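Hello,

Here is the structure I promised to hand over. Please open it first, then read my notes below.

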Amino acid sequence: MVSYLLKRLIATIPVMLVVAVFIFLLLRLTPGDPAAMIAGDYATEAQIAEIRENLGLDQSLASQFVIWIGNILQGDLGESYFFKKDVTELIAARIEPTLSLSIITIIFTVAIAVPMGVISAYKQGTWVDRVVMGFSVVGFSIPVFVIGFGLIYVFSLELGWFPVQGYQRLADGILPWLHHLILPALALSVIFVAFIARMTRTSVLEVLGEDYIRTARAKGQTENKVLVRHALRNAAVPIVTVIGFAFAILIGGVVVTESVFNIPGLGLLTVDAVLNRDFPTIQAVVLLFSFIYVLINLVIDLSYTILDPRIRY
Amino acid sequence: MFKTKRRGLVAGAVTAMAIALSSLSTSAIAESVLRVVPHSGLKILDPIWTTAYISRNHGYMIYDTLFSLDTSGNVQPQMVDSVTRSDDGKTVTISLRDGLKWHDGAMVTAEDTVASINRWASKDAMGQKMMTFVDSLEAADDKTMVFKLNTPTGLIELALAKPSSNVPFMMPARIAATPSSEQISEYIGSGPFMMNMDEWEPGVKVVYEKFDDYVPRSEPTDGLAGAKVAKVDRVIWTPNRDIQQAINALNAGEIDLIESVPPDLLPLIEEAGEAYTGRHSPSGLQYTFRFNVLHPPFDNPKIRQALLYAFNQEDFLEATMGNPDYYEVCKAMFVCGLPFETDAHMDGLLESNFAKAKELLAEAGYDGTPVVLMHSTNLPVLTNLAPVAKELMEAIGMTVDMQSMDWSTLVARRAKKDAPADGGWNAFATAWDAGDLFNPLAMAFLNSSCDNALFGWPCDEEIEKLRDDFARAGSFDEQKAIVEAIQARWVEYPTHIHLGQFFTPAAIRNNVQGYLMGGVPVFWNVEKN
């Protein structure tokens, strides 16, 4: 197990290196000049050149890459061209809203989707199943911003229960924090609920036909026990895999929700950085997202050993 | 019975939670806090290092200026008590008024203002021009600066009252000693608000607090001039990229003011009745079409003249603003409503006289060379300009290759002098704040000093000589006559074309009053009841 873990961790190094080379080259080949963006409309060519020199953008691509990689190996992600702050500091300030939103969304998703999927499988072919599957199709088809605006209209503008936009830090109190996250998390969870409910239904349906389920019933187990202890547990591997990926997608893909609800997370930081060609910030955020993907994959793989004793590394 | 009781409990809990949550929404807003949605997030805190408007607006919050423009565009003293000139006009003595303090408690001295002027003038084109008249600038004592000039000029006050980027903001000498090529790292001004650095979240939130020791002038507030009285304890800027959402937040009372609202969304505010809208600038902004004179076809002034006849401002303004309450057809180069407004030599221009435009193209021998027109797509206020320009150019028989790109790409590409076929360009459209256009020295697109001119690189000795004459002119009448001469020369040698004056409406909640018609969004004088 430990050697497997070590192997997997070592395997992340080439993955991260490929991502680093790719994002570095991609940014340098994209049209746009951060120095010109910083200088503003009035700047002369000389002023832009001066800024370019200060930022080290006048050096060759190879030396820029070597300097960047060298700094990363020393734990220095660089300084944002625009904010004049360490990228690490910027990410640290912006990761809380994104993580908060992702965690609350996943909690909503699991709490709603898994029971929905199990019930739908158990009641296969009935109106309950059709309603759940109908919701699944609709939830998957409506863009998140439409759901967001709908929720805002009803719960913020009409009922006044939730704020329209913004974010409160957890340090300011758990209630205000939650108060600002409920609507965006609900909006974001709809698509994941739709997906995971469908996935759960399929997995549980497969398991419900197995002999050991029949045996459990024959032994007089209650239907609840059969469903939770026997069916759901055995169907858990694919469900957990999907939930893990959903979490990874959430962290890197909450841009639209952050925009709609004006939540200053990593998504908005990335959009800002891309529009301004803030290379150090974009590079660092992409590397972070890649690392999170790799890490979540690893956690999912390790979770299989808990969920299915037959799996051993 | 039991079920009914349980349902009652659940309903009660939901109601209580709803009441608690709705009370959370309202209790978050304190009365003396003004919550503003600016046009973008503040990233760069040095308003001399960049010309970005958001950094300029931040500058107005925490810094003060020696002179300011009033709503009529006239120069008024701000930090200054008096200005005296020697008989030969070569010595200008400026005294600071009493009671000026930095946010760290130190007194503002002439040494500070001299250092600030030097830093600004090393960066700003108008400042550089001003310094060509200055042999020396020194602090005679704590409150007196002395300019020794090589030639008498009326430019000193005009330049120091420059309202838009780069604005000559005053900073303590130790901060102003930072080379203008580097960003400052300490943010202490003497303006009516102080920046709370602890609460600053770059690009997300800026908090300003009232500076209790600020001593406002005694004159009434007028534009950027007169008394700057902070009437709220805190001003918080939180940008919102989604203006529709910002309007929802305004209607719900979560914010108090949106700096700029697209006119097509104004009905959402009017219908809700929670806020009012209106112009916040007496002279607004100007849409501008910029030529690159280095390459065909716009290397030929006659072809540029053809566009002066082919274009009309109404089409551009309708396509972008759409609401006549927020635009004005204005042919004057130096902005309608400001002191140097004149329509001299503009008869017949900008009226879509296609016959005359075609005649000029024929005279110029236009051979169908395609015009590479850069079209920026991610700034809604500019997006519709290029398609209108394309249509009007095609109407007179020009070939147009409109290339769409985001603003960052356009900004990088416009700096390239390469031929259009090699990644260069022929033209693009943008917008300037009226404060950047109020005289021939401030107007960067008029600078025709060839390689030293702004992208587009116009090259005309006559315009440069007239700009120089303007700087030397001693009286307003003299300056106005030169402005008319510049306009006449510009018709012969167009450096750019103004596509119309527009005003971005601000939206303000009904309980907020006193937002100024300053041309720049400033928040002194604003009170919240």
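Helix α3 (residues 110-123) of chain B lies across three strands of that chain: β5, β6 and β7. Its direction makes an angle of about 155° with β6(B). Bear in mind that this is a predicted model.

Those three strands belong to an open sheet of 4 strands. The order is β4-β5-β7-β6 (chain B), and the pairing is antiparallel. The edges are taken by β4 (80-85) and β6 of chain B. Each has a single partner strand, so one side of each has no neighbour in the sheet. On average, neighbouring strands here are turned by 15° against each other, direction ignored.

Strand β7 (residues 144-149) of chain B is a good place to look closely. On one side, strand β5 (residues 91-96) of chain B pairs with β7(B) through 5 bridges, in the antiparallel sense. Two pairs to find: T91(B) has K148(B) as its bridge partner, and V92(B) has F147(B). Strand β6 (residues 134-141) of chain B also runs antiparallel to β7(B), and 6 bridges join the two. There, E138(B) is bridged to V146(B). A hairpin of 2 residues leads from β6(B) to β7(B).

Which residues of β7(B) form the covered face, and which the uncovered one? M145(B), F147(B) and L149(B) are on the covered face. T144(B), V146(B) and K148(B) are on the uncovered face. In a regular strand, side chains alternate between the two faces of the sheet.

Chain B has another open sheet, of 7 strands. Its order is β8-β9-β10-β1-β11-β19-β12 (chain B), with mixed pairing. The edge strands are β8 (193-195) and β12 (275-279) of chain B, and each pairs on one side only. At the β12(B) edge, the partner is strand β19 (residues 505-509) of chain B. That pair is antiparallel, with 5 bridges. One of the bridges links T277(B) to A507(B) in β19(B). At the other edge, helix α2 (residues 53-62) of chain B lies across β8 and β9 (206-210) of chain B. This helix runs at about 120° to β8(B).

Now to where the chains meet. The contact takes 37 residues from chain B and 42 residues from chain A. On the chain B side, α1 (2-27), α7 (243-251) and α14 (407-414) each supply at least two residues. The chain B residues that touch chain A divide into 15 nonpolar, 15 polar and 7 charged.

Take α14(B) as an example. Is this helix mostly covered or mostly uncovered? Mostly covered: 7 of its 8 residues are buried. They are S408(B), T409(B), L410(B), V411(B), A412(B), R413(B) and R414(B). In chain A, these buried residues pack against α2 (34-39) and α13. In chain B, they pack against β15 (371-376), β16 (400-405) and β17 (427-433).

That brings us to chain A and two helix pairs.

The first pair starts with helix α13 (residues 266-276) of chain A. Its axis comes within 8 Å of the axis of helix α14 (residues 279-307) of chain A, and the two cross at roughly 140°. That angle makes α13(A) oblique to α14(A). The crossing is left-handed. From α13(A), the residues that meet α14(A) are L266(A), L269(A), T270(A), A273(A) and V274(A). From α14(A) come T281(A), I282(A) and V285(A). By class, the contact has 6 nonpolar, 2 polar and no charged residues.

The second pair is helix α6 (residues 127-141) and helix α8 (residues 174-208) of chain A. Their axes are 8 Å apart, and they pack at about 135°. That makes α6(A) oblique to α8(A). This crossing is left-handed. V132(A), F135(A), S136(A), G139(A) and F140(A) come from α6(A). They meet a set in α8(A) that includes V190(A), I191(A), F195(A) and R198(A). By class, this contact has 9 nonpolar, 2 polar and 1 charged residues.

Over to you.

Best wishes

Technical notes
Residues are numbered from 1 along each chain as its sequence is written. Chains are lettered from A and ligands numbered from 1 in the order in which they are written. This is a predicted model: local features need pLDDT of at least 70, side-chain atom pairs count only at pLDDT 80 or more; totals for chains, interfaces and linings use all residues. Two residues are in contact if their C-beta atoms, placed from the backbone, lie within 7 Å. Ala, Val, Leu, Ile, Met, Phe, Trp, Tyr, Cys and Pro count as nonpolar, Asp, Glu, Lys and Arg as charged, and the others, Gly among them, as polar. Two strands pair if DSSP finds at least two bridges between them. Axes are lines fitted to C-alpha atoms, for helices over the stretch in contact, and angles run from 0 to 180 degrees between N-to-C directions. Angles under 35 degrees count as roughly parallel, over 145 as roughly antiparallel, 65 to 115 as roughly perpendicular and the rest as oblique. A crossing is left-handed if the near helix is turned anticlockwise from the far one by less than a right angle, and right-handed if clockwise. A residue is buried if 20 or more other C-beta atoms lie within 10 Å of its own, exposed if 12 or fewer, and partly exposed in between; C-beta atoms are placed from the backbone.
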